Amino acid sequence: MYQIKLDNYVLYDLRDEEFILENPELNLEVNKVGSLSFSIYPNHPYFDRINKLSSVITVLKNSTVIFKGRVISEEQGLYNSKKFECEGILSYLNDSIVRPYSFTGTPEEYFTNLINNHNSQVAEAQKL
């Protein structure tokens, strides 16, 4: 059973007619950002709560998180619907800068250094 959540709210759940999205499409690939697209209609309880670049969208399969990301685009659709495109959490790394530097150490230390550098430059919600 799949569920899509918006921050802490259920956005999509087939067991409840109130929480239905139109054409949800999830694309996952190894070592890629991943993407999710869906349309939502004005009668949905959370129609106006989705915010570009700040809302966190999570896809669960049997209570296991398989995608987490943010909304990157919004389009007006037919019948006042909205179509959203989301990118995976790995894309948060695009929000920080790595300046040239020399490094000696293990791959684990290098990765830790990259993540710490990223976390020092971004908002709390974008930290990894």
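In the legends below, strands are DSSP runs (E) of at least two residues, numbered from the N terminus, and two strands pair if DSSP finds at least two bridges between them. The structure shown is a predicted model.

**View A. The open sheet contains seven strands with antiparallel pairing.** The order of the strands across the sheet is 2-1-5-6-7-4-3. Strand 2 (residues 9–13) and strand 3 are the edge strands, each of which pairs on one side only. From one strand to the next, the twist averages 25°. Strands of a sheet pair through backbone hydrogen bonds, in either the parallel or the antiparallel sense.

**View B. Strand 5 and strand 6 form a hairpin with two residues between the strands.** Strand 5 covers residues 56–61 and strand 6 covers residues 64–76. The two strands pair in the antiparallel sense over six bridges. Lysine 61 stands opposite threonine 64 in strand 6. A further bridge pair consists of threonine 58 and lysine 68, the latter in strand 6. Asparagine 62, in this hairpin, takes a positive phi near 50°.

**View C. Strand 6 and strand 7 form a hairpin with five residues between them.** Strand 7 spans residues 82–88 and pairs with strand 6 in the antiparallel sense over seven bridges. Glutamine 76 has lysine 82, in strand 7, as its bridge partner. Tyrosine 79 in the turn has a positive phi of about 55°. Asparagine 80 is found in the loop between strand 6 and strand 7. The phi of asparagine 80 is also positive, near 65°, in a residue other than glycine. Is asparagine 80 buried or exposed? Asparagine 80 has 52% relative accessibility and therefore counts as exposed, since the class begins over 50%.

**View D. Asparagine 31 has a positive phi in the loop between strand 3 and strand 4.** Strand 3 comprises residues 22–27 and strand 4 comprises residues 35–40. The phi of asparagine 31 is about 60°, although the residue is not a glycine. Because its relative accessibility is 75%, asparagine 31 counts as exposed.

**View E. Glutamate 87 and arginine 70 form a salt bridge between strand 7 and strand 6.** The closest N and O atoms of the pair are 2.9 Å apart. This salt bridge links distant parts of the chain, with glutamate 87 in strand 7 and arginine 70 in strand 6, 17 residues apart. Are these two residues, glutamate 87 and arginine 70, buried or exposed? Both glutamate 87 and arginine 70 are buried. Side chains of opposite charge can pair when their charged atoms come close. A search of the whole structure finds seven salt bridges.

**View F. Glutamate 74 and glutamate 85 each take part in a salt bridge with a lysine.** Glutamate 74 pairs with lysine 82, and the closest N and O atoms are 3.7 Å apart. At 38% relative accessibility, glutamate 74 counts as partly exposed. Lysine 82, in contrast, has a relative accessibility of 13% and so counts as buried, the limit for that class being under 20%. In the other pair, the side chains of glutamate 85 and lysine 83 meet at 3.9 Å, N to O. Glutamate 85, with 28% relative accessibility, counts as partly exposed. Lysine 83 also counts as partly exposed, at 35%. Salt bridges that share partners join Asp48, Glu74 and Lys82 into one network.

**View G. The largest nonpolar core has 18 residues.** Which residues have the most contacts inside this core? They are Ile4, Leu11, Leu36, Phe38, Ile50 and Ile57. Two or more core residues come from each of strand 1 (residues 2–6), strand 2, strand 4, strand 5, strand 6 and strand 7. Strand 4 gives the largest share, three residues. In a regular strand, the side chains alternate between the two faces of the sheet.

**View H. Five residues make a nonpolar patch on the surface: Val33, Ile89, Leu90, Leu93 and Leu128.** The area of the patch is about 360 Å². Isoleucine 89 lies in the loop between strand 7 and helix 1 (residues 107–121). With a relative accessibility of 32%, isoleucine 89 counts as partly exposed. This value meets the condition for patch residues, which is over 30% relative accessible area.

Notes. Residues are numbered from 1 along each chain as its sequence is written. This is a predicted model: local features need pLDDT of at least 70, side-chain atom pairs count only at pLDDT 80 or more; totals for chains, interfaces and linings use all residues. Side-chain values use heavy atoms; hydrogens and water are left out. Helices (H or I, at least four residues) and strands (E, at least two) are DSSP runs, numbered from the N terminus. Patches are made of residues with over 30% relative accessible area and no salt bridge: like charges are joined within 9 Å, nonpolar side chains (Val, Leu, Ile, Met, Phe, Trp, Tyr) within 5 Å. Accessible areas come from the Shrake-Rupley method with a 1.4 Å probe; for residues, only the protein chains shown count as cover. A salt bridge is a side-chain nitrogen of Lys or Arg within 4 Å of a carboxyl oxygen of Asp or Glu. Buried means under 20% relative accessible area, exposed over 50%, partly exposed in between (1.4 Å probe, protein chains only). Axes are lines fitted to C-alpha atoms, for helices over the stretch in contact, and angles run from 0 to 180 degrees between N-to-C directions. A nonpolar core is a set of buried Ala, Val, Leu, Ile, Met, Phe, Trp, Tyr and Cys residues joined through side-chain atoms within 4.5 Å.
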